[in-house]
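Okay, thanks for squeezing me in. You'll have the sequence and the structure up in a second, and I'll just talk through a few parts of the fold.

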Amino acid sequence: MRVAVLGSGSAGNATCIEGGGARLLLDAGFSCRELAARLRAVGVEPHRLDGVLVTHEHADHVRGAALFSKTYRVPLHCTAATFRAAGLARAAPNGHGAHAHLSVEPGAPFAVGGMTVAAFPVPHDAVETVGYTVSCAGKNFGYATDLGHDPEPVRRALRDCDLLMLESNHDLDMLREGPYPQVVKQRVLGRHGHLDNETAAALLCDVATERTRRVILAHLSRTNNRPDLALGAARREFERRGRRAPDLHPAGQAAPSPWFEV
Ligand SMILES: [Zn+2]
Ligand SMILES: [Zn+2]
């Protein structure tokens, strides 16, 4: 299995996963055209995808989902509530064979090619936000962005993954002293907002095991964070606990990452 982040942050999130003879897009938060361009940039023809997994209905995760699904005839996988909330049926009508919606439920894993996908509930201010784990040939990839805190189901799902992609959204001081209006600051800081660097670092240390070789720090705020701060927080926390840190990579917004082998 291998993973390429096509882009991550509040301007758009999308990640491509390849394994077991299949390819998945995880979130589709760029325009259809941009998704296709970024996929081609990492060597994947858009019509060769086998599914688009959506986490929740915020635009930075679904912007191009319906049109991409319709244009390239790729089924969408998300919860029924997210499908409704995102208006995905209107944006890509059924009946043209151009798209299908496959309903995802936390606790009900499903197969796409040789990959097994499982959703788990995530606390965030959307109707039914989920994270995903994808397993293939004994390797596990865990994905959670957009979470206000880290309850047990999230910890359980992310434990013992070979590759983890976890939100490290903001530096607390930068957010508090930054330009966001107070109401937005409170939303981001809330129990259904986004993870700050220190909380993400602590969660990471709790769920990472010997097999967790690599971690992608995702959804970094352009206004309230910097890659060196997110990386520093994670490194410090591993050091504080006397553990060797996994390879840490901050995900960028502007361009796709290289492929990471899981
Ligand atoms: Zn987001
Ligand atoms: Zn969100």
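So, start with helix α1, on the side facing away from its buried residues: that face carries Arg33, Arg40 and Ala41, which are exposed. One thing to keep in mind as we go is that this is a predicted model.

Now flip α1 over. The helix runs over residues 32-41, and its buried residues are Leu35, Arg38 and Leu39. Those three sit on the same side of α1, because the arc they cover around the axis is only 100 degrees. That's the usual helix arithmetic: with 3.6 residues a turn, residues three or four places apart point the same way. And yes, there's an arginine in that buried set, Arg38, while Arg33 and Arg40 are on the exposed face.

What do the buried residues of α1 pack against? They pack against strands β1 and β2, plus helix α3, residues 65-72. After the helix comes Gly43, with a positive phi near 85 degrees.

Okay, on to the sheet. It's an open one with 7 strands and mixed pairing, and the order reads β6-β5-β4-β3-β2-β1-β14. At the edges you've got β6 (101-103) and β14 (260-261), each of which pairs on one side only.

Let me zoom in on β2, residues 14-19. On one side, β2 runs antiparallel to β1 (residues 2-7), with 5 bridges joining the two. If you want to find the register, Val3 is bridged to Ile17, and Arg2 is bridged to Glu18. The β1–β2 hairpin has 6 residues between the strands, and Gly9 there takes a positive phi near 150 degrees.

β2 also pairs with β3, residues 22-26, again antiparallel and again through 5 bridges. Here Gly19 has Ala22 as its bridge partner. The β2–β3 hairpin has 2 residues between the strands, and Gly20 in the turn has a positive phi of about 55 degrees.

So is β2 buried or exposed? Buried: that goes for 6 of its 6 residues. In a regular strand, side chains alternate between the two faces of the sheet. For β2 both faces are covered, with Ala14, Cys16 and Glu18 buried on one side and Thr15, Ile17 and Gly19 buried on the other.

Next, Asp60, which lives in helix α2, residues 59-62. Asp60 counts as buried because 21 other C-beta atoms lie within 10 Å, and the cut-off for that is 20 or more. Who does Asp60 touch, leaving out residues up to four places away in sequence? Ser10, Ala11, Gly12, Asn13 and Gly29. Asp60 and Ala28 are 32 residues apart along the chain, yet their C-alpha atoms are separated by 7.7 Å.

Ala28 comes up again in the last bit, the core. The largest nonpolar core has 72 residues, and the ones touching the most other members are Val52, Leu166 and Leu217. Helix α9, residues 197-207, gives the most to this core, with 5 residues. Take Val52: apart from neighbours within four places in sequence, Val52 contacts Leu25, Ala28, Ala65, Phe68, Ser69, Val74, Leu76 and His77.

That's what I've got. Shout if you'd like to go back to any part of it.

Definitions and conventions: Residues are numbered from 1 along each chain as its sequence is written. Chains are lettered from A and ligands numbered from 1 in the order in which they are written. This is a predicted model: local features need pLDDT of at least 70, side-chain atom pairs count only at pLDDT 80 or more; totals for chains, interfaces and linings use all residues. Helices (H or I, at least four residues) and strands (E, at least two) are DSSP runs, numbered from the N terminus. A residue is buried if 20 or more other C-beta atoms lie within 10 Å of its own, exposed if 12 or fewer, and partly exposed in between; C-beta atoms are placed from the backbone. Two residues are in contact if their C-beta atoms, placed from the backbone, lie within 7 Å. Two strands pair if DSSP finds at least two bridges between them. The arc is that of the directions from the helix axis to the C-beta atoms. A nonpolar core is a set of buried Ala, Val, Leu, Ile, Met, Phe, Trp, Tyr and Cys residues joined through C-beta atoms within 7 Å.
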